[in-house]
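Here's a quick briefing for anyone opening this structure without any background. Have the sequence and the 3D view side by side as you read.

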Amino acid sequence: MSNPKDYRLIIEPPLKDGILTHKLDQVSFTVRLASPPFLVKYQFQLVVVLTALVFVVISLNFSDLLNRKVQSAIGALIILSIFVFFVQEPEDSLIVMRGIGAQLISKRLWAFQNSGKFLPLNSMIDLVIHEGFHDYGQVIFYLCFLTKSNTEMPTKKEDAIKVVFKEYLPRKEILMQVWAMSRPLLFGENRRYWRRVPGQGLRRVL
């Protein structure tokens with residue numbers, strides 16, 4: 001079954017008429033769900049309710065606080081309150097920095113699930129939109145960086161394709177918008193062509 005992919009793209013700083021000016025040295029692109037998850041949407045209310053329940057349980061069992069069942073109930077409510085307090089809105093982000101590189105960031109519902117990857121400009125071959133299969137044979141488009149192999153640590157296995165927005169995999173319309181703004185900021189207006197030269201590895205061809 002096809003994923004509805006109801007996402008929204010947030011660009012910082014906001015661009016006028018979708019045009020990237022040459023004065024900008026850093027632009028961030030963030031993909032989020034069009035409607036935030038329940039825990040995010042009602043986070044404040046849930047924390048207030050759980051905190052109130054803690055005080056209610058304590059007040060009703062003040063003379064019996066040494067009871068293990070009472071302590072377990074209070075402890076469970078406190079732990080649940082802490083978990084809800086640290087809930088965050090899931091998102092995938094790409095931060096593009098002129099002359100430096102790009103930062104890929106994935107935020108999950110819980111902060112301890114976050115992940116990130118910095119890609120220096122000198123490790124990039126290009127930024128492209130690829131077509132591939134996802135889940136049960138669903139054909140999708142995805143934005144990715146093609147990177148050079150790690151010559152300093154040849155024994156380390158590392159994927160040369162770095163997928164952008166890997167958690168959400170938004171539709172092609174969003175990918176095209178991000179690609180069109182990011183590529184000139186990273187590589188300038190010139191096209192980039194690379195080929196492998198025997199004994200020399202990857203070499204740029206103008």
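**A three-stranded sheet and what surrounds it**

In this predicted model, 3 strands come together as an open sheet, ordered S6-S7-S8, with antiparallel pairing. Strand S6 (124–134) and strand S8 (161–163) are the edge strands; each has a single partner strand, so one side of each has no neighbour in the sheet. On average, neighbouring strands here are turned by 40° against each other, ignoring direction.

**How the strands pair up**

- S6 and strand S7 (residues 138–147) are joined by 10 bridges, in the antiparallel sense.
- Want a spot to look at in that pairing? Find Phe-133, which sits opposite Val-139 in S7.
- On the other side of the pairing order, S7 and S8 also run antiparallel, joined by 3 bridges.
- Phe-145 has Lys-162 in S8 as its bridge partner.
- S7 is largely enclosed by the rest of the structure, because 7 of its 10 residues are buried.

**The helix across the sheet**

- Helix H4 (residues 172–187) lies across S6 and S7.
- H4 runs at about 165° to S6.

**The nonpolar cores**

- The largest nonpolar core has 26 residues, and the members touching the most others are Phe-29, Leu-94, Phe-145 and Phe-165.
- Two or more residues each come from strand S1 (7–12), strand S2 (26–33), strand S3 (91–97), strand S4 (101–107), S6, S7 and H4.
- Which element gives the most to this core? That's H4, with 7 residues.
- There's also a second, separate core of 8 residues, including Val-47, Val-70, Ile-74 and Val-84.
- As background, nonpolar side chains in soluble globular proteins tend to be buried together.

**A closer look at Phe-145**

- Leaving aside residues up to four places away in sequence, Phe-145 touches a list of residues that includes Leu-94, Ala-102, Leu-104 and Leu-119.
- Also among the residues Phe-145 touches are Met-124, Asp-126, Leu-127, Ile-161, Lys-162 and Leu-186.

**The spans marked in UniProt**

- An unreviewed UniProt entry places the feature "transmembrane region" at residues 42–63 and 70–87.
- In the model, residues 42–63 are 82% helix and 0% strand, and the C-alpha atoms at the two ends lie 33 Å apart.
- Residues 70–87 are 89% helix and 0% strand, with 26 Å between the end C-alpha atoms.

Methods. Residues are numbered from 1 along each chain as its sequence is written. This is a predicted model: local features need pLDDT of at least 70, side-chain atom pairs count only at pLDDT 80 or more; totals for chains, interfaces and linings use all residues. Side-chain values use heavy atoms; hydrogens and water are left out. Two strands pair if DSSP finds at least two bridges between them. Helices (H or I, at least four residues) and strands (E, at least two) are DSSP runs, numbered from the N terminus. Axes are lines fitted to C-alpha atoms, for helices over the stretch in contact, and angles run from 0 to 180 degrees between N-to-C directions. Contact means heavy atoms within 4.5 Å. A nonpolar core is a set of buried Ala, Val, Leu, Ile, Met, Phe, Trp, Tyr and Cys residues joined through side-chain atoms within 4.5 Å. Buried means under 20% relative accessible area, exposed over 50%, partly exposed in between (1.4 Å probe, protein chains only). UniProt positions are given in the numbering used here, feature names are shortened, and annotations may be inferred rather than shown by experiment.
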